[in-house]
Amino acid sequence: MASNYSRREVLRGSVATVAGLAIAKTGLAETGEPEQKAPNGRLRFGIIGCGGKGWSGMQQAAEHGDIVALADIDAQNRTKAMMEHPRATAFDDYRQMLDAMRGKIDAVVISIPDHHHAPASALAMRMGLHTYCEKPLCRTIWEARQIAKIARDKRVATQMGNQSTASTPMRKIAKLIQEGHFGHVKEVHLWTDRSKGWWKQGVPRPEPSEPPKYVDWDLWLGPRPERPYAEGYHPFAWRGWWDFGTGSLGDMGCHIFNMQHMALDLSQPIAVQAETSGHNKDSFPAWSIVHYEYAEKKDRPAFKVHWYDGGRKPDPDLASDFDYGGNGTITVCEKATIYCFDESNTKYALQGGAAIPDIEVDESPGHMAEFARAALGGKPARSNFPDYAGGLAEAVLLGNLAIWANGPRLEWDAKKMQVKGTNEYDDLIRPKYRKGYGV
């Protein structure tokens, strides 16, 4: 969606941004009530995070409405987005954007570091805004529960950015498993090539330096404790730090657990246990293997899920027909072993070469299209927060408790949201926030 506006015109627009802020606040003060939503039937989007994945999310949102507001702590990202959507009002702080644009936004698309996901989502949903948030939805287990609760209470449309949920092949395999075509699931193996070669984990904290002029470091830190700026956090490698990201498991788990969660509901394991390369509890370990235990239910026997990252992979004999790629899954059932070739969840095959039965499923119009449809009053998106994404995020993040512990088997009390017999992990489950932020 190319713009015909020049950089000079956009920069004049940035001045108008300040005026727009004043106008927005004045309008709210005059009426005291938000304006009518989507007055012309088109959604009005506020974009929280314009760089990286935020850029593609913004462009996808623009296919379903108008981009009316932008927020990013990085002036370079913000300026680039303004060039693309010059009529949007721009901010460096998403809290200011949500306040100033009250009544002028219908929905937000959130693509910022994990430590901001829950505060931004909670703030938007409490204002009645439909909310799309990138995976893994939040940074901690308590946040996953809280975000799902707020979404349900406020009755807003939601969708997590685990895009493969829209995959028809994935929906078919999940339905086949649910209907028992392959017999009961005995064990699941999931792996990723992250972080190895993508970002660093298991490393000491980088040397402090001055932040670039285009980065507001205090806003970037947001809810997390203060620390000096250093190269190695913004814009990408924050994933490897416990204070900001969720490591390899959190970054890729909501993609790679997705089919099995759709088929089996992985939200509440009874125990988790991990072996790792070791870590300093500041940077995630270079590699980890996590074992999840799921109890028997009336429609399925007990089974286990095994996660591998940082270059570790399952036993090659589990699915000997295939050369394991960087990301993938193996689902061992009573009557078949199902191999998935990558994190996109678009290609599956059976060990031994048998054909996968073809069945009909509810096909998605597209991941962002599902969200837009729900925001305009249609049926909920599949990966909505209360019914799907919250439970998936919780399962993924439980594995990080085991990685933190590095060895002990942790029994999980889902009702109390606590590791049985200890409060050692409570701060990891429910974080504290800096003043000005909360969930």
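How close do the axes of helix H5 (residues 114-126) and helix H6 (residues 141-154) come, and at what angle do they cross? In this predicted model, the two axes come within 9 Å and the crossing angle is roughly 15°. Angles under 35 degrees count as roughly parallel, so H5 and H6 fall into that class. The handedness of the crossing is left-handed. On the H5 side, the contact is made by Ala118, Ser121, Ala122, Met125 and Arg126, and these meet Glu143, Gln146, Ile147, Ile150, Ala151 and Lys154 of H6. Sorted by type, the residues of this contact come out as six nonpolar, two polar and three charged.

A second helix pair is formed by H9 (residues 247-256) and H12, which pack with their axes 9 Å apart at an angle of about 150°. With that angle, H9 is roughly antiparallel to H12. Here the crossing is right-handed. Leu249, Gly250, Gly253 and Cys254 are the H9 residues involved, and they meet Leu392, Ala393, Val396, Gly399, Asn400 and Ile403 of H12. The tally for the contact of H9 with H12 is six nonpolar, four polar and no charged residues. As for burial, H9 is mostly covered, with 10 of its 10 residues buried. The buried set takes in the contact residues Leu249, Gly250, Gly253 and Cys254, and also includes Asp251 and His255.

Then there is the sheet. Nine strands make up an open sheet with mixed pairing, in the order S13-S12-S11-S7-S10-S9-S8-S14-S15. Its edges are strand S13 (348-350) and strand S15 (418-419), each of which pairs on one side only. Strands of a sheet pair through backbone hydrogen bonds, either parallel or antiparallel. For strand S7 (residues 185-191) and strand S11 (residues 328-333), the sense is antiparallel, and the pairing runs over six bridges. One residue pair to look at is Trp191, whose bridge partner in S11 is Gly328.

Helices pack on this sheet too. Helix H7 (residues 168-178) touches S7, S11, strand S12 (337-340) and S13, and its direction makes about 40° with that of S13. H12 (residues 385-405), already met as the partner of H9, lies across strand S8 (271-276), strand S9 (288-294), strand S14 (410-413) and S15. Relative to S9, H12 runs at about 125°. H12 thus has contacts with both H9 and the sheet strands, the edge strand S15 among them.

Note on methods: Residues are numbered from 1 along each chain as its sequence is written. This is a predicted model: local features need pLDDT of at least 70, side-chain atom pairs count only at pLDDT 80 or more; totals for chains, interfaces and linings use all residues. Side-chain values use heavy atoms; hydrogens and water are left out. Two strands pair if DSSP finds at least two bridges between them. Helices (H or I, at least four residues) and strands (E, at least two) are DSSP runs, numbered from the N terminus. Contact means heavy atoms within 4.5 Å. Axes are lines fitted to C-alpha atoms, for helices over the stretch in contact, and angles run from 0 to 180 degrees between N-to-C directions. Angles under 35 degrees count as roughly parallel, over 145 as roughly antiparallel, 65 to 115 as roughly perpendicular and the rest as oblique. A crossing is left-handed if the near helix is turned anticlockwise from the far one by less than a right angle, and right-handed if clockwise. Ala, Val, Leu, Ile, Met, Phe, Trp, Tyr, Cys and Pro count as nonpolar, Asp, Glu, Lys and Arg as charged, and the others, Gly among them, as polar. Buried means under 20% relative accessible area, exposed over 50%, partly exposed in between (1.4 Å probe, protein chains only).
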